[in-house]
Amino acid sequence: MNDTVVHVDHLSKHFRILNRREGLGGAIRDLFSADYKTVRAVDDISFDIQAGEIVGYIGPNGAGKSTTIKMMTGVLKPSDGTLLVSGNEPYANRRRNAQTMGVVFGQRTQLWWDLPVIESFRILKEIYRVDDATYEKHLGMFNELVDLKALYSQPVRKLSLGQRMLCDITASFLHNPRIVFLDEPSIGLDVSVKSKIRSVIRELNRAQRTTIILTTHDLGDVEALCRRIIIIDKGKIIYDGPIGKVTALFGAYRTLKVQIHNYKEGTSDQLEAALGARFGGDAAIAVEHTETGWTDVTVNQDQVPLFDVLRFVMETLPIKDVRIVEISMENVVQQIYDGALK
Amino acid sequence: MRTLLHYVRLYVLIATQYVKARMQYRADFWISSVGMVFTSIATVFVFWVLFHSIPDLAGWSFDEILFIYAFYLLSVVPLQLFFDNIWQLRFHVVEGSFIKYYLRPINMMFYYMSDMVDLKGWVQLALGVFMLIYASQRLGLTWNLWRLGVLGMALFSSSLVAISILTIAACATFWIVGSFPVMDLALKIRDFSPYPMTIFDGFFRFLFTYLIPIGFVAFYPSQFFLRPEQVPLLTYFSPLMGIGSFALAYFVWTKGVNSYTGTGS
Ligand SMILES: Nc1ncnc2c1ncn2[C@@H]1O[C@H](COP(=O)(O)OP(=O)(O)O)[C@@H](O)[C@H]1O
Ligand SMILES: [Mg+2]
């Protein structure tokens with residue numbers, strides 16, 4: 001079966017950033033300036049995506065996720081390499097391409113800001129030339145998923161961030177696209193809204209067999225939705241494969257955040273050494289002091305019980321405050337570089 | 001044809017929704033309309049004062065100037081009504097919100113411009129029509145079907161020139177950070193368009209006729225009605241000038257859109 005929806009082959013996007021000068025005079029001189037710095041936002045990546053897949057495209061901030069999405073949706077022209085979406089070059093024929101895809105960009109709504117929600121749907125119906133039967137059917141389905149009816153008459157600008165995101169996501173499925181791109185759909189939302197959004201995405205994928213590419217820097221999103229993930233960092237793909245392997249590894253990881261009273265340079269190194277001496281194994285426990293004033297102790301629960309570590313830390317150092325969080329994307333990336341998936 | 005119909009339907013749909021939404025802020029509509037009327041009256045007043053100190057401005061009477069000014073008001077109505085979002089371009093480009101306009105299967109310029117429907121244009125239209133009728137009565141101009149046709153054609157051409165000049169100026173933002181001065185300059189230059197071009201000396205007349213053709217916004221086309229016996233040959237090319245300048249503006253827009261890379265977030 002060959003049902004490739006997205007074909008990416010040695011794709012790159014480089015931004016040339018001008019070192020700008022001040023004022024209008026500077027701006028005019030800038031037009032002729034050659035004082036550039038190159039940012040390799042996406043650097044030689046390759047992958048294929050099959051119809052019906054939900055793929056998690058994940059990586060820390062600035063990894064190149066949005067840039068990839070912008071190329072796939074035809075906003076940006078690739079600097080190098082091949083990119084085909086549904087067999088077309090997105091950039092070369094934006095209008096035709098847009099007809100077969102849906103896009104949601106994080107916190108930027110594409111609905112009509114001052115108009116009631118339902119009017120945005122009507123306008124989209126007209127833009128994509130959706131016939132009445134399909135329109136009614138889809139609205140009915142959205143209603144079951146989201147209780148959209150309650151929001152119909154509200155102007156978009158009056159919706160909460162979560163409501164708006166739900167409307168944006170469902171709207172992107174209105175014209176029955178082959179593929180939908182969701183760039184950070186859960187950014188800035190609280191836990192209950194996140195889980196709502198995840199279930200809506202799952203349902204929409206199931207109902208229409210729509211291919212979905214979802215970017216996020218939250219591992220929780222992909223755990224709930226994707227079977228396959230692609231991890232990108234500094235423009236390069238560092239993992240592409242089943243999520244199972246990654247969750248098996250990182251699902252057990254937790255980060256113990258502690259605030260140490262009178263923290264001094266070197267305290268974290270001493271702590272790491274002490275933990276190593278007490279529990280053994282260096283992959284299981286990493287200690288890092290962050291700029292926010294918290295010290296992060298990352299623990300692999302499969303190897304060391306979290307609460308033993310916590311007790312030990314509290315006995316060793318004067319602790320003001322404690323939090324337990326899932327492993328951060330940055331940390332996952334670091335572990336992969338250190339050979340965790342090998 | 002089918003496409004054209006599609007766009008018309010789409011525009012009407014969006015515009016009516018905007019009107020409905022805007023009507024909920026009636027105060028805002030009336031305040032800005034009143035502001036617009038006052039601005040126009042103030043401009044006429046300046047003309048009037050000017051004419052009372054200098055009885056004829058390079059051979060142009062007050063009523064003729066009023067006619068040209070009315071023509072000018074009418075020719076910028078389409079800009080007001082359909083291209084008002086051009087003023088927001090710099091903001092969208094700098095903020096990165098511009099990328100949403102790449103994502104729909106419709107013409108980008110259409111999509112962008114349809115995203116703002118400004119009602120003040122209708123007030124300006126009424127004001128322009130009123131002034132035009134008043135001035136032509138004082139001048140003893142008679143209107144027949146043929147002349148109305150010519151007026152329509154002339155206004156169509158002029159409005160394209162006005163739209164193009166501002167569109168091109170706004171597009172500077174795709175290449176220049178802090179492009180406000182460009183837009184501001186275009187606006188200041190546009191403000192010269194209701195003046196008889198004959199009051200300018202060689203250099204400026206050349207500039208405003210060929211390079212930044214604001215002469216075609218109001219002055220040259222009005223000559224058909226005011227002084228048909230001395231219409232400069234060039235005036236017959238107004239429609240070409242209009243279409244040509246819009247084609248150029250569309251080209252610049254497309255170039256800008258394709259060179260835009262968004263913001264780094
Ligand atoms: N339009 C742009 N101009 C210059 N640099 C950019 C632009 N867009 C993105 N970048 C840079 O490219 C890198 C990747 O950005 P992005 O794709 O937005 O990352 P992500 O979405 O993974 O957070 C970052 O270093 C960012 O600063
Ligand atoms: Mg991003």
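Modeller: A word before we start: contact here means heavy atoms within 4.5 Å, and this is a predicted model.

Biologist: Happy with that! How many residues of chain B are in contact with chain A?

Modeller: Let's look at both sides of the interface. Chain A brings 33 residues to these contacts. From chain B, the number in contact is 36.

Biologist: And how much area do chain B and chain A bury between them?

Modeller: The size of an interface is often given as the accessible area lost when the parts come together. Of the area lost here, 59% is on carbon and sulfur atoms. The total that chain B and chain A bury between them is about 3300 Å².

Biologist: Which three residues supply more of the area that chain B buries against chain A than any other three?

Modeller: They are consecutive in number, which makes them easy to find on your screen. Together they supply 21% of what chain B buries against chain A. The three are B:Leu103, B:Arg104 and B:Pro105.

Biologist: Turning to the fold, how many helices does chain B have?

Modeller: Chain B has zero strands. Read along the sequence, its pattern is α at every step. The count of helices is 12.

Biologist: What is the radius of gyration of chain B, and how does it sit with the globule rule?

Modeller: For 265 residues the globule rule gives 18 Å. The value for chain B is close to that, so the chain is as compact as a globular protein of that length. Its radius of gyration is 19 Å.

Biologist: Lastly, what percentage of the residues in chain B is buried?

Modeller: Buried means under 20% relative accessible area. Chain B has 265 residues to sort by that cut-off. The buried share is 52%.

Key
Residues are numbered from 1 along each chain as its sequence is written. Chains are lettered from A and ligands numbered from 1 in the order in which they are written. This is a predicted model: local features need pLDDT of at least 70, side-chain atom pairs count only at pLDDT 80 or more; totals for chains, interfaces and linings use all residues. Side-chain values use heavy atoms; hydrogens and water are left out. Helices (H or I, at least four residues) and strands (E, at least two) are DSSP runs, numbered from the N terminus. The radius of gyration is taken over C-alpha atoms; the globule rule is 2.2 Å times the number of residues to the power 0.38. Buried means under 20% relative accessible area, exposed over 50%, partly exposed in between (1.4 Å probe, protein chains only). Buried area is the accessible area (1.4 Å probe) that two parts lose on being put together, summed over both.
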